[in-house]
Amino acid sequence: MISLAGRDILHSWSKFVLTGIGLGLLIGVTLTMAGVYRGMVDDAKALLNNSGADLWVVQQDTQGPYAESSSIHDDVYRSMLSLSGVARAANVTYLTMQVRLDNTDVRAMVVGFEPGQPGEPGYLIAGRHITRNHYEAVADVKTGFQLGDSIRIRRHDYRVVGLTKRMVSSGGDPMVFIPLKDAQEAQFLKDNDAILNERARTTANPTLNRPGVPGLLEAIQASQNANRNVNAVLVQVSPGSHPETVANEVRRWKHLQAFTRLQMEEILVSKLIATSAKQIAMFLVILAVVSAAIVAFIIYTMTLGKIREIAVLKLIGTRNRTIAGMILQQALGLGLIGFLVGKVSATVWAPFFPKYVLLEPGDAARGFVVVMVICALASTLAIRAALHVDPATAIGG
Amino acid sequence: MDGFGIRIEGLSKRYGEGDTAVDALKDVNMTVAPGEVVGLIGPSGSGKSTLLKCLGAVIEPTTGKMTLGDEVIYDNGWKIPDLRALRRDRIGFVFQAPYLIPFLDVIDNVALLPMLAGRPNGESRKRALELLEALDVGHRAKAQPSQLSGGEQQRVAIARALANQPPVILADEPTAPLDSERALSVVRILNQMAQQFNTAIIVVTHDEKIIPTFKRIYHIRDGKTFEEKGQALS
C-alpha cells in the first residue's frame, strides 16, 4: 500500500516545509526555554564546583552566602581549622555589583578570596593567577574584559591579569576575582564622607567620648572603620571525613550554620532559582498549548481542503483507519519537520544568549516525544472531521 | 459473470417520518445485464441521485430488493456486512467531475483501488497501466492529475472505476463538463469497456448529446422509473 500521507506531503511540500519552519521556530523557542532552565541549574552547580568546598560555613539562621546575605568574622576560619576532619578553610566574600571599564558598566559578582585557598578560580584560559596582595583581578570571559584592562571596583582600579571561563553566579552574572582584603574593603568600607560623618557623631557622643579615658575614642573609631567580616568560610574536609559530621560539629559548637554540597545545591536549585523555574515552566506550558493549537489548526484546515477527496476515498472503499492514519502521519510529519527546524534553530542561537543555555540531548529526546504526542493529539480534531465526511457527498445531487 | 449485472425490485426510499416524510423512490424496478450500458435520465429532484446512492450502498433503501450478479445484497435490509468492501470490490464509480486524488500520479490513482483491496503494489500498478493503455492514456501514467486535460482525467476516472473489475459501474453525469466530441468519446469508451469487461454500467445523465447513444433508457420521475427503448448509436 502506498503512503497517502507521504504522497500528500511530497505533493504540497512547500506548504509543509513553510508551516514546519514556523512551527519549528516555536519549538526552537521552547527548547531554548528548557535550555535556559538547564543553564541556570548548571550555573548553580558550576558555582559550587568552582568553589572547591565541601562545606559552606555561614551566619547562623541564614542560607548564605548565595541565597541570603551572611556576615561572619574573618577569624572564624581559624576555629574551623581546629575542628576534627577539616583539612582546609578559607574566607570568601561575594558581592554582586557594577564593575566599570572605561565608560561602561558590567554587572558581575565580585569574589574575594585568598590565593591558594578554596574559593580560588580553578583554571584559567588566559593570563595568570593573582600574585599580588592588592589591585589585581581575574575575570570571567563573559565580562568582556581583556587581559591588561583596568577595571574600577568602588574606589580602586584593578588590573585584569587572568581570564577564566564558566565562572558565573547562580543568577548568571560573570565573576570577577580579587584579593580578599580588597573585596572586604569594597563590600564593607564606607566612603570618605560617611567615615567623616561617623567620626563626628562618635566624637559628639559623650558615652563614647568620655573625658578622662584616653584612647577610648580612637579605639572605637578604629573599630568602626575596620573590615573584619566575610560572607562565608569555605571548608574542605580531610580524606575519610564525612562533611555532614563536620557540619554537625560546626552547627553544635560554633553557633554558625554549615551546609554540605548537597544542601547548598538544594538551596540553589530548589529555592534560589525556583521562581525562575516556575516562570519557565509556565512559558513551556503556554508554548506547548500554542504549538498544539497551531498544529491542530493547520492540520484541520488542510483536512477541510481535502473533504471532496476524502469523500471519494471513503466511497471507493478506503478504510477509516487508512484516512485517519494519513492525517495522523501528516501531523507527525509536520511535527518532525518542526522539531528538526527547532533543534537546529535552538543550537544556532543558544550561544548568543547572555545567560548560559544548556541544550541537553535528554531534553531534546523528551521534547521530540512531547512534540509527537502534541501533534498526534492535535490531529484528532481533523481526524474527527474526516471520519464524519459522508461518502455520499462525492455523488452529486 | 452469471445472472444479472444488477437487478432492482420494488426499491423505495423514504426520507423523514410522519407529516414531513418524503418518498424519494417509489417501487423502482430496474435490470441491467452484464456488458450493457443503460441511461438513467430525469429532471432535477426526480430521485436520480438517491437511486444512485442506494445502488452504490452509500445510503440504505427503505424497502425493496437489490441483486448484484447472483447475490442478493439488499432485501429489506443489507445482506452484506461490509458495505465498504462491497463498494471497493464490486461497484465502480465515475463522477461528474473526475475527482482524482491530486497528490497521487495517474497510475497510482488507478492502482489505489486494488491496493486497498490488498493486492501487491506491483500487480496493482501493472493492472492500472493495462487499463490506462486500454483507455489510451497509458502515456500519461506518471503525470499528475492537474497536468491532464478534462477528457484525459475522465478516462483515468473510468480506469479507476474498472480497476477492481467490478460487475457494475455507476456513472453520475460523466460527460457534464465535456464538449460534444469528448462526451461522445467517453460514452463510446464506456460501451467498449462494458463489453470488454462484461460490466453493467448505469449512466445518470441529462446530457442531450449522449441520450441517443443508449440502447435502453430508464426515465425517473417523482421517484418512479419507466423504461424506454433507445436508438443506440454506434
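How many helices and strands does the secondary structure of chain A come to? I looked this up before anything else, and the tally is 12 helices and 12 strands. A reminder to myself: this is a predicted model.

**Chain A, overall form**

Next I checked the dimensions. Along its principal axes, the C-alpha trace of chain A spans about 120 × 50 × 45 Å. The radius of gyration fits with that picture: chain A has 31 Å, whereas a compact globule of 397 residues would come out near 21 Å. I then asked for burial, and 40% of the 397 residues of chain A count as buried. Contacts came after that. Taking those in chain A between residues at least 6 apart in sequence, I find that 77% join residues at least 24 apart.

**Two positive phi values in chain A**

Most residues other than glycine have a negative phi, so I went looking for exceptions. Tyr135(A) is one of them, with a phi near 60°. I traced Tyr135(A) to the loop between β5 (126-127) and β6 (136-140) of chain A. Is Tyr135(A) buried or exposed? Neither in full: Tyr135(A) has 16 other C-beta atoms within 10 Å, so it is partly exposed; a buried residue would need 20 or more.

Arg166(A) also has a positive phi, near 60°. Where is Arg166(A) found? I located it in the loop between β8 (156-164) and β9 (175-179) of chain A. Arg166(A) counts as partly exposed because it has 19 C-beta neighbours inside 10 Å.

**Val168(B)**

Over to chain B, where I picked Val168(B), a residue of strand β7 (residues 168-172). Why does Val168(B) count as buried? I counted 22 C-beta neighbours inside 10 Å, and the cut-off for buried is 20 or more. Which residues does Val168(B) touch, leaving aside its neighbours within four places in sequence? My list reads Gly5(B), Ile6(B), Leu68(B), Ile91(B), Thr199(B) and Ala200(B). I also took one distance: Val168(B) and Ala194(B) are 9.0 Å apart from C-alpha to C-alpha, with their positions 26 residues apart in sequence numbering.

**Where the chains meet**

Last entry: the contact of the two chains. Chain B gives 26 residues to it and chain A gives 19 residues. On the side of chain B that touches chain A, the elements giving two or more residues are α1 (48-55), α2 (83-90) and α3 (106-116). I sorted that side of chain B by class as well, and got 14 nonpolar, 4 polar and 8 charged residues.

Conventions: Residues are numbered from 1 along each chain as its sequence is written. Chains are lettered from A and ligands numbered from 1 in the order in which they are written. This is a predicted model: local features need pLDDT of at least 70, side-chain atom pairs count only at pLDDT 80 or more; totals for chains, interfaces and linings use all residues. Helices (H or I, at least four residues) and strands (E, at least two) are DSSP runs, numbered from the N terminus. A residue is buried if 20 or more other C-beta atoms lie within 10 Å of its own, exposed if 12 or fewer, and partly exposed in between; C-beta atoms are placed from the backbone. Two residues are in contact if their C-beta atoms, placed from the backbone, lie within 7 Å. Ala, Val, Leu, Ile, Met, Phe, Trp, Tyr, Cys and Pro count as nonpolar, Asp, Glu, Lys and Arg as charged, and the others, Gly among them, as polar. The radius of gyration is taken over C-alpha atoms; the globule rule is 2.2 Å times the number of residues to the power 0.38.
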